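Colleague: Could you walk me through the pockets in this one?

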Amino acid sequence: MTDRQRGASSDGSAPGAVSHSPSAHDAVRLALVVGALGVVFGDIGTSPIYTLQTVFNPSDPHPVPVSTENVFGVVSLVFWSVMIIVTVTYVLLAMRADNDGEGGIMALITLLRRWSGQQGRRAAVVLAGLGIFGASLFFGDSMITPAISVLSAVEGLKVVQPSLGEAVVPITAVIIVVLFVVQRRGTAAVGRLFGPVMIIWFLAIGACGVAGIVDHPEILRALSPTYALDFLVGHFGTAFFALAAVVLAVTGAEALYADMGHFGRRSITRGWLILVFPACVLSYLGQGALILDGPQHISSPFFLLVPEWGRLPMVLLATAATVIASQAVITGAYSVASQAAQLGYLPRLRVAHTSESRIGQIYVPWINWLLMVSVLTLVFAFRSSTALAFAFGMAVTGTITITTLLLFYVARWKWGTPLWLVGLGATALLLVDLLFVAANLTKLIHGAWLPLLIGLTAFTVMTTWHRGRETVTAERKRREGSLREFIGGLRNKKLLTQRVPGTAIFLNRGKETAPLALRANVEHNHVRHEHVVIMSLETEPVPRVPADERIVVDDLGYAKDGIIHVTARFGYMETPDVPGSLRMLDPAITEGQLQLDEASYFLSKIELRRGTAPTMAPWRKRLFVAASYITADAAEYFGLPRDRTVIMGSQIEV
């Protein structure tokens, strides 16, 4: 992911960093906190721009009347929602459920896959499916966040100069196009500015909030949970519908968890508790105070809280902050798509690394252009942040609820937390989450259907690809036959072949079956190379595999026949590099035997056709075949030299 240093340890230390003095260690920790401020908190840190404005939006199908009692209740609800969902669920609990330092819903899915053979197998499989749906909802979030964030910032122009209202949508569209076009160049240079810009942003919104509180200090009473509870119990009809907008205050909570592997749990926790949380709370309190001062301020309480002389600079700063928020969620989509492809839920996608020094900076072209078209469509279709807000909450609440559910399963089966404590905690937190889900379902016809549609579409594609891939793999195994029997046939000369000089490397799915390309070469051309490497790549349910555990060599039972099997193991956050992995072989194997610099690489290309076997529904077969066309070129994906790569095709029916 852009500007996210991979491999940070869970305690917040830089990966591999060696600290010789307290000052050096402090500098590393400070750098990680600043980096986290620039990447992790962009989404949740820009929520104050539109949250209270949306709650009191008079055009809402279930408007919240502006009254002193309602303002106190709403501000209290916002504060305690952020406290419970972000601080308790994510910062204090979820960030302790890591997969070798990595967090996020994909990390939880891989943990469940790892445990699916252990106790609770059926439940783990079902929950993993829920996790995939949560990841699917994230794609909806990735489309809505840039649209609503940039729109809400540019809408500040209407406060500065009302006549500029018609320019909001075109300006937003231009910013979004530029944002997506520059993705392929990477953001290493501007990324260094993200942290300082967001620090200025949080200090600015906090200062404006303090100014509003000074005018109406009684708003501080809203920090008491009694106001939130009184509002929910005494005015449930109003409060329930308000929750659909209040949830906007916690958008971006998943980013705190997902980016844990890049900056460490402690760095993110410090950034949240020391700067981000206080700044956001001060902004919400200040906006609440401003609304108490006059109901007319509900049109744009965030920008109206700023002194008139500072509104244009604040619009510019807000635009920069929302671009940063959009950048974070875009690169998050790259990461989720790349991980899903590694785990077998999406076709192999072309992944470009935009930095030589930082592993995590990737660019996925297909996802980039899909997101750009989707975001622009949303901007031109909804045309305002308040209209988009109806759609936004559904994606957020769905992902949060699924994460909470998976988290408590992990707490029970991995941490061994007593059942009564898990039940108590899960009941309390899921009750809050499900209240938000129910409230957002009331907006279904007003836009909440959109993220559900996006999520269901992505979920269907991912599960169809996974099922189709299993079908194709089974058929390939049948055709390929046993590798050891094939090697035995070569040794016993049942398969007549002529040896030719050189080294041939055949990529295969495992070491149980013979590669189709090798079998075709022997059976049709009756030749084999003097040295043959059969190589399979395995994706482990961990983020990264250490270099000393990368390669496993097997002589397949015959030490001197010139044929070996090599297994290269990669984590789900790594991009396979076949030539690089082969260079890690023991020199005793390569020197004088394998000519890696002149070796030929053989790939088996499968052409898919719809068949009559009842493997999947006909429409899913068509979807699977269609999805196969976006599969990245295998030679490029695995880093193979094109001038030494031979592709041999075959056809399989699904």
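Modeller: What follows is a short talk through the two largest pockets of this predicted model.

Colleague: Okay, how much space is in the largest pocket?

Modeller: The largest pocket holds about 1,800 Å³ of space, and its lining is made up of 47 residues, with Arg 348, Arg 469, Arg 476, Arg 509 and Phe 638 lying nearest the centre.

Colleague: Which elements give two or more residues to that lining?

Modeller: The helices that do so are α16 (311-342), α20 (449-480), α25 (618-628) and α26 (634-637), and they are joined by the strands β3 (498-508), β4 (527-540) and β7 (600-609). The largest share comes from α20, which supplies nine residues.

Colleague: And by class, what does the lining of the largest pocket have?

Modeller: Its residues divide into 21 nonpolar, 15 charged and eleven polar.

Colleague: Switching over, what volume does the second largest pocket have, and which residues lie nearest its centre?

Modeller: Its volume is about 440 Å³, and among the 20 residues that line the second largest pocket, those nearest the centre are Leu 346, Trp 366, Leu 370, Ala 458 and Val 461.

Colleague: Which element gives the largest share there?

Modeller: That is α20 again, with six residues of the lining of the second largest pocket, while α6 (121-154), α17 (365-382) and α25 are also among the elements that each supply at least two.

Colleague: How many charged residues are in that second lining?

Modeller: There are no charged residues in the lining of the second largest pocket, which has 18 nonpolar and two polar ones, whereas the lining of the largest pocket has 15 charged residues.

Definitions and conventions. Residues are numbered from 1 along each chain as its sequence is written. This is a predicted model: local features need pLDDT of at least 70, side-chain atom pairs count only at pLDDT 80 or more; totals for chains, interfaces and linings use all residues. Side-chain values use heavy atoms; hydrogens and water are left out. On a 1 Å grid over the protein atoms alone, a cavity is a set of points where a 1.4 Å probe fits but cannot get out, and a pocket is an open set with protein on both sides within 12 Å along at least five of seven lines; lining residues have an atom within 4 Å of a point. Grid points are joined across faces, edges and corners, and a volume is the space filled by probe spheres set on the points. Helices (H or I, at least four residues) and strands (E, at least two) are DSSP runs, numbered from the N terminus. Ala, Val, Leu, Ile, Met, Phe, Trp, Tyr, Cys and Pro count as nonpolar, Asp, Glu, Lys and Arg as charged, and the others, Gly among them, as polar.
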